[in-house]
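Me: I'm new to this one and curious about its charged side chains. Could you walk me through the salt bridges?

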Amino acid sequence: MSSVFSSPNLTTKLPDVGTTIFTVMSTLATEHRAVNLGQGFPDFDCDPRLIDAVTHAMKQGFNQYPPMAGIATLREAISAKITSLYGHHYDPSSEITVTAGATQAIITAILATVHLGDEVIVLDPCYDSYVPSVVLAGGIPVRVPLTPSDFRPDFDLIAAAITSKTRAIIINSPHNPSGTVWTRSDMLKLQDMLDNTEILIISDEVYEHTIFDNAQHQSAASYPGLAKRSFVVSSFGKTYHVTGWKTGYVAAPSELSAEFRKVHQFNVFTVNTPAQHGIATYMADAQPYLQLPVFYQNKRDLFREGLAKTKFKLLPCEGTYFQCVDFSAVSGLNSTDFCKWLTTEIGVAAIPLSAFYGNGFDQKVIRFCFAKKEETLLTALARLAKL
């Protein structure tokens, strides 16, 4: 006698999520041997001293679970850095948490604070983890568009989106995908807008050290009215060219950090021990992150100089390691189809900006990543010169 077992009836929690454009474009790039300027990670090595510091930690026996919130020396180094750069002191013991990268930090902050039916304002276009994280928490994403073409925040639209159900707003500067950087005036407007509210901020600052033309990063930590309500998120992967290590941190007031850690201890518990020790040692020298603006500006300027010789229209790039261009003078295709064509026919992979919008809004703008070796960028530019 045989038994027939039916498959379980599974209702997806993320019905709008499928294979990401990043996976699609990277697969195409591999198949067609294209220069992959799509996904945002370097193709060069980190400082050998950082590798040595982590290797030394392993050899010293730092290979078991560290404290849940992160090792004390790393939290102290993070606190000292924030105080030095942004003038706000976070208690290393109760207000700094080491995370498994920035994406884990963001979803943990959302899961810790957003309840069923709470609204969370996200500014379109945005990093692709924001909205699914809100949905998984039972929240309602409220998409507010940044101003098309220059991607600056429209505070009238943001204010109009705030309701009695608004629990949080996610901000991101320097901004992925556009490269726009929020100004001091922007931060002050946000601070005034949220005064006398209970609205929280998740401030995604992973590109805090990748900012150009002598501009200064405006951290939420620098503004008392924002710092008191903010989870400030950053990434060692972005700062030290080790995205695969998935190590970052969150700085937040003690009452917010306490709630954050309740979730953190159950979704990852803690973070790679030797990496924490190695990074803590490496942070004793501030130069690697202080020189990052010049390092990436040189790459930006090289890439922009080459792109200026093509039919692309260059959009401003104030920060991050992404350059957006308008391709409307090159092709009549939509952004996704143009990126596929560019990969298969020209041999350079990019990402359509429409993929960062909830409604797929298409401005005929695509995003390149210039966190690459000079020879990689020159090869890409030589191919793009054919357009």
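Me: How far apart, N to O, are the side chains of Glu259 and Lys262 in their salt bridge?
Reply: This is a predicted model, so the value is computed from its atoms. Glu259 and Lys262 both sit in helix α10 (residues 254-267). Their side chains meet in a salt bridge, and the N to O distance is 2.9 Å.

Me: And how many residues apart are Glu259 and Lys262 in helix α10?
Reply: Glu259 is partly exposed at 33% relative accessibility, and Lys262 is partly exposed too, at 46%. About one helical turn separates the two, because their spacing in the helix is 3 residues.

Me: Which residue forms a salt bridge with Asp213?
Reply: Asp213 lies in the loop between β6 (200-204) and α8 (224-227). Its partner is in helix α13 (residues 292-307), 87 residues apart from it, so the pair links distant parts of the chain. The closest N and O atoms are 3.1 Å apart, and the partner is Arg300.

Me: Is Arg300 buried or exposed?
Reply: Arg300 also meets Asp301 in a salt bridge, at 3.0 Å from N to O. Asp301 is partly exposed at 33%, and Asp213 is partly exposed at 47%. Buried means under 20% relative accessible area. Arg300 has 8%, so Arg300 is buried.

Me: Which residues are linked with Arg49 in a network of salt bridges?
Reply: A search of the whole structure finds 9 salt bridges. Some of them form a network that includes Arg49, and the residues linked with it there are Asp47 and Asp285.

Terms used. Residues numbered from 1 in each chain as written. Predicted model: local features only at pLDDT ≥ 70, side-chain atom pairs only at ≥ 80, totals over all residues. Heavy atoms only, no water. Salt bridge = Lys/Arg side-chain N within 4 Å of Asp/Glu carboxyl O. Helix = DSSP H or I, 4+ residues; strand = E, 2+ residues; numbered from the N terminus. Buried < 20%, exposed > 50% of the residue type's maximum accessible area, 1.4 Å probe, protein only.
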